[in-house]
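Here is a short tour of one structure, written for someone who likes to check each statement against the coordinates. Please keep the viewer open as you read.

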Amino acid sequence: MKHYVLLKLAPDCDKNKAFERVQSTYQALEKELAWLNGARVYRSCVARDSNADIMAVIDLDSPDHLQTYLTHPLHMQMAQDMKDIVVGRTSFDHE
């Protein structure tokens, strides 16, 4: 299963720092969770109101792992740390 997360960040935040935070979290999750693979994090190359600033794409071995990933302490801590700078979040999942 592929899981996509798109984040729109506050205009005045440090987008490079946010990108590094997301990237390091997914790298750590990939090391801890054998069923989470191929984590990739991208920055938008075009600044537009309709664009997300960061997109993460991960592969989960099964949809059954989604809830465990979402509630994993590393994921939860990242969400908590970034709550003041994320102004929009969209996710999408497909098999």
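## A buried histidine

Let's begin with H75, which counts as buried because its relative accessibility is 13%, under the 20% cut-off. Bear in mind that the model is predicted. H75 sits in helix α3, which covers residues 73-82.

Which residues does H75 touch, leaving aside those up to four places away in sequence? They are T25, Y26, L29, Y69 and L70. With Y69 there is also a polar contact between the two side chains, at 3.4 Å.

## L70, a neighbour of H75

L70 belongs to helix α2, which spans residues 66-70. L70 has a relative accessible area of 27% and is therefore partly exposed. Beyond the residues up to four places away in sequence, L70 touches H3, H75 and M76, so the contact with H75 can be read from either residue.

For a sense of distance, you can pick the C-alpha atoms of L70 and A18: they are 19 Å apart, while 52 residues separate the two along the chain.

## The largest pocket

H75 turns up again when we look at empty space. The largest pocket holds about 360 Å³. Its lining is made up of 21 residues, and V5, L7, H75, A79 and R89 are the ones closest to the centre.

Which element gives the largest share of this lining? Helix α3 does, with five residues. At least two lining residues each come from β1 (2-9), α1 (15-32), β3 (54-60), α2, α3 and β4 (86-94). Sorted by class, the lining of the largest pocket has 15 nonpolar residues, three polar ones and three charged ones.

## The second largest pocket

The second largest pocket encloses about 240 Å³ of space. It is lined by 13 residues, of which K8, K15, V46, A47 and D53 lie closest to the centre.

Strand β1 and helix α1 each contribute at least two residues to the lining of the second largest pocket. The same two elements also help to line the largest pocket. In the second largest pocket, the lining residues divide into six charged, five nonpolar and two polar.

## An exposed serine in a loop

Is S50 buried or exposed? S50 is exposed, because its relative accessibility of 58% is over the 50% cut-off. S50 lies in the loop that runs between β2 (36-43) and β3.

The side chain of S50 makes a polar contact of 2.7 Å with the side chain of R48. If you select the C-alpha atoms of S50 and D64, you will find 31 Å between them, with the two residues 14 places apart along the chain.

## Two cysteines without a bond

How many disulfides does the model contain? The count comes to zero. C13 is in no disulfide, and the cysteine sulfur nearest to its own is that of C45. Why is there no bond for C45? The sulfur of C45 is 17 Å from the closest cysteine sulfur, in C13, and that is too far for a bond, because a disulfide needs the sulfur atoms within 2.5 Å.

The two cysteines also differ in their surroundings: C13 is buried, with a relative accessible area of 15%, whereas C45 is exposed, at 78% relative accessibility.

Technical notes:
Residues numbered from 1 in each chain as written. Predicted model: local features only at pLDDT ≥ 70, side-chain atom pairs only at ≥ 80, totals over all residues. Heavy atoms only, no water. Helix = DSSP H or I, 4+ residues; strand = E, 2+ residues; numbered from the N terminus. Buried < 20%, exposed > 50% of the residue type's maximum accessible area, 1.4 Å probe, protein only. Polar contact = N/O pair within 3.5 Å; in protein donor to acceptor, adjacent residues only side chain to side chain. Contact = heavy atoms within 4.5 Å. 1 Å grid on protein atoms, 1.4 Å probe; cavity = no way out; pocket = protein on both sides within 12 Å on 5 of 7 lines; lining within 4 Å. Points joined across faces, edges and corners; volume = space filled by probe spheres on them. Nonpolar A, V, L, I, M, F, W, Y, C, P; charged D, E, K, R; others polar.
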